[in-house]
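Reader: I am new to reading protein structures, and I would like to be taken through this one step by step. Could we look at it together, please?

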Amino acid sequence: MRPVITGAISLAIPLVALSDTGRHIVLMRDFPTLGDAIDHVTSDDHVMGDDWSVQIAHEAFGVLKSAFPNISHHRIRILHNPNYFAFTADGHHIFLTRTLLEICASIEMAAFVIAHEIAHHELGHVPAESEGVRGRLKLAMLSLRHRVWPFARARMEIEADQFAIDMCIRAGLSVGECLRIFQILEKRTLDKGGIESAFGSYEFYDTEMSSFERRWKIGLYLLRHANYPIRIRRILAERHARINSTNHDVFLN
Ligand SMILES: [Zn+2]
């Protein structure tokens, strides 16, 4: 059962969170944060105990915590879900699917994914908490900003990638192995026919085009996809990590 996260965020003000089946309709006012409400509505999907996915996440988080003891307050929850995705919510919540950990295939990649989600918290992309009317309003405003200005949300993903790379390096992890997740995601996306999601459109790479033209065309791409293509994220991540990268002159806003 996958919660309709964007719906839940949009509905933060009416104080309702919904799940796919509609079986879990909760009043947000009963929870101190949206993250706590999501944790509740996904309770049927929680992976518990000694499952390998919990252990991998625990080990990867442990490596990061040994370098950054101040991140211990983040709460990681693994969800049974056939799709691979991860997201954060206020209240220091981090949600990962078991399927995502399955494709990570190494502690380094799992640590990078977890570090990316921690980065959203540490960089203030997610409010620390949404308690009270003021907190809920802040959450709704953030959600609205992401919808109205697609560059803002997409830019946050790049920032989180770079923050996560720095964390992984400081934690003594092989950054090359951490970033292999982008190659895997790229292939998975292509396998599902998502050529645009994997590579983007030519405006990202075409240096002949004016920056004005590129900007609005990339804006249209982001309105459709809500994120930069995986290849662009990979190039920027590899460039940030100063490792062997395909030499594209990519364009961002
Ligand atoms: Zn992210």
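**How the helices pack**

Author: In this predicted model, the axes of α5 and α7 cross at roughly 120° and come within 8 Å.

Reader: Is the arrangement of α5 to α7 oblique or roughly perpendicular?

Author: Two packed helices are described by the angle between their axes and the distance between the axes. Here the angle is roughly 120°, and angles from 65 to 115 degrees would count as roughly perpendicular. The crossing angle therefore makes the arrangement of α5 to α7 oblique.

Reader: Which residues of α7 make the contact with α5?

Author: The crossing of these two helices, α5 and α7, is right-handed. From α5, the contact is made by Ala111, Phe112, Ala115, His116, Ala119, His120 and Glu122. On the side of α7, the residues are Met156, Ala160, Asp161, Phe163, Ala164, Met167 and Cys168.

Reader: How does helix α3 lie relative to α5, and what is the word for that arrangement?

Author: The axes of α3, which spans residues 52-67, and of α5 come within 8 Å and cross at roughly 70°. That angle makes α3, relative to α5, roughly perpendicular.

Reader: Which residues of α5 are met by α3?

Author: The residues that α3 brings to this meeting are Ile56, Ala57, Glu59, Ala60, Phe61, Val63 and Leu64. Ala110 of α5, leaving aside its neighbours within four places in sequence, is in contact with Ile56, Ala57 and Ala60, as well as with Leu101 and Cys104. Taken as a set, the residues of α5 that meet α3 are Ile107, Ala110, Ala111, Ile114 and Ala115.

Reader: Where does the largest nonpolar core lie relative to the domains?

Author: The largest nonpolar core has 56 residues, and those touching the most other members are Ala110, Ala111, Phe112, Ile114, Ala115 and Cys168. Helix α5, residues 107-122, supplies the largest share of this core, with 9 residues. Because residues are given to this core by both domain 1 (5-149) and domain 2 (179-253), the core lies between them.

Reader: How many residues of helix α12 are buried?

Author: The buried residues of α12 are Ile230, Arg231, Ile232, Arg233, Arg234, Ile235, Leu236 and Ala237, and they pack against α7 (150-170), α9 (180-191) and α10 (195-199). Helix α12 is largely enclosed by the rest of the structure, because the number of its 11 residues that are buried is 8.

Notes:
Residues numbered from 1 in each chain as written. Predicted model: local features only at pLDDT ≥ 70, side-chain atom pairs only at ≥ 80, totals over all residues. Core = buried A, V, L, I, M, F, W, Y, C linked by C-beta atoms within 7 Å. Buried ≥ 20, exposed ≤ 12 C-beta atoms within 10 Å, placed from the backbone. Helix = DSSP H or I, 4+ residues; strand = E, 2+ residues; numbered from the N terminus. Domains from an automatic or database assignment. Contact = placed C-beta atoms within 7 Å. Axes fitted to C-alpha atoms, helices over the stretch in contact; angles between N-to-C directions. Parallel < 35°, antiparallel > 145°, perpendicular 65-115°, else oblique. Left-handed = near helix turned anticlockwise from the far one by under 90°.
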